[in-house]
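Visitor: I would like to go through this model with you, beginning with how its helices pack and then turning to the record and to a pocket.

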Amino acid sequence: MFVSQIVVGTLIALQFGTAGVGEMSRSNAWLLVLFICLYVAGFAWSWGPLGWLVPSEVFALEVRSAGQSIAVCVNMLLTFIIGQAFLSMLCSLKFGLFYFFAGWMFIMTTFIALFLPETKGVPIEEMNLVWSRHWFWGKYVNVDTQHGGASPRSNGV
């Protein structure tokens, strides 16, 4: 997806520049469509379903329905905002818009790699332990050994 965004931005930059005026050859148009299709396929196999899958796995059983509801609302709100802003951003950023989204993909991938713990093979009942053992989130999640649940760590307040 990252490479597709960079290639699409570069093809548009080479053909239209910052003025946004120019001609695109048939072969370059097909190449552009190919990389947009590769981007869509990559999204369908990665980030697209993960917005629905990950929230259903990472929340503890006690808060799963509320957490999933909030995740769905945020997902739909941000999709709406991106959809509304895309054309305005395209007019002002031109080919730079594709570099902008490539940058966000880099940031998102880095965030997930650092802050989302692996949940493969972890039963739902043990998600609290996964979060409490994470190098970062463990500072904020405390496992209540008496009841098996998690609670926020007290900051002495």
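Visitor: At what angle do α1 and helix α2 pack?

Guide: Please keep in mind that this is a predicted model. Helix α2 covers residues 26-45, and its axis lies 9 Å from that of α1. The crossing of the two, α1 and α2, is left-handed. The angle at which α1 and α2 pack is about 155°.

Visitor: Is α1 roughly parallel or roughly antiparallel to α2?

Guide: α1 and α2 pack at an angle of about 155°. Angles over 145 degrees count as roughly antiparallel. Therefore α1 is, with respect to α2, roughly antiparallel.

Visitor: Which handedness does the crossing of α3 and α4 have?

Guide: Helix α3, made up of residues 47-58, packs with α4 at an angle of about 160°, and their axes are 9 Å apart. Because of that angle, α3 runs roughly antiparallel to α4. Where α3 passes α4, the crossing is right-handed.

Visitor: How far apart are the end C-alpha atoms of residues 69-90?

Guide: In an unreviewed entry, UniProt lists residues 69-90 under "transmembrane region", along with residues 29-48 and 96-116. For residues 29-48 the model gives 95% helix and 0% strand, with the end C-alpha atoms 25 Å apart. Over residues 69-90 the chain is 100% helix and 0% strand, and the distance between the end C-alpha atoms is 31 Å.

Visitor: What percentage of residues 1-120 is helix?

Guide: Residues 1-120 are covered by the UniProt annotation "domain: Major facilitator superfamily (MFS) profile", which comes from an unreviewed entry. In the model the end C-alpha atoms of this span lie 24 Å apart, its strand content is 0%, and its helix content is 81%.

Visitor: How many of the residues lining the second largest pocket are nonpolar?

Guide: The second largest pocket, with a volume of about 150 Å³, has a lining that includes Ile12, Phe16, Leu90 and Lys94. Both α1 (2-16) and α4 (64-93) supply at least two residues of that lining. Of the lining residues, one is charged and two are polar, while the number of nonpolar ones is six.

Conventions:
Residues are numbered from 1 along each chain as its sequence is written. This is a predicted model: local features need pLDDT of at least 70, side-chain atom pairs count only at pLDDT 80 or more; totals for chains, interfaces and linings use all residues. Side-chain values use heavy atoms; hydrogens and water are left out. On a 1 Å grid over the protein atoms alone, a cavity is a set of points where a 1.4 Å probe fits but cannot get out, and a pocket is an open set with protein on both sides within 12 Å along at least five of seven lines; lining residues have an atom within 4 Å of a point. Grid points are joined across faces, edges and corners, and a volume is the space filled by probe spheres set on the points. Helices (H or I, at least four residues) and strands (E, at least two) are DSSP runs, numbered from the N terminus. Ala, Val, Leu, Ile, Met, Phe, Trp, Tyr, Cys and Pro count as nonpolar, Asp, Glu, Lys and Arg as charged, and the others, Gly among them, as polar. UniProt positions are given in the numbering used here, feature names are shortened, and annotations may be inferred rather than shown by experiment. Axes are lines fitted to C-alpha atoms, for helices over the stretch in contact, and angles run from 0 to 180 degrees between N-to-C directions. Angles under 35 degrees count as roughly parallel, over 145 as roughly antiparallel, 65 to 115 as roughly perpendicular and the rest as oblique. A crossing is left-handed if the near helix is turned anticlockwise from the far one by less than a right angle, and right-handed if clockwise.
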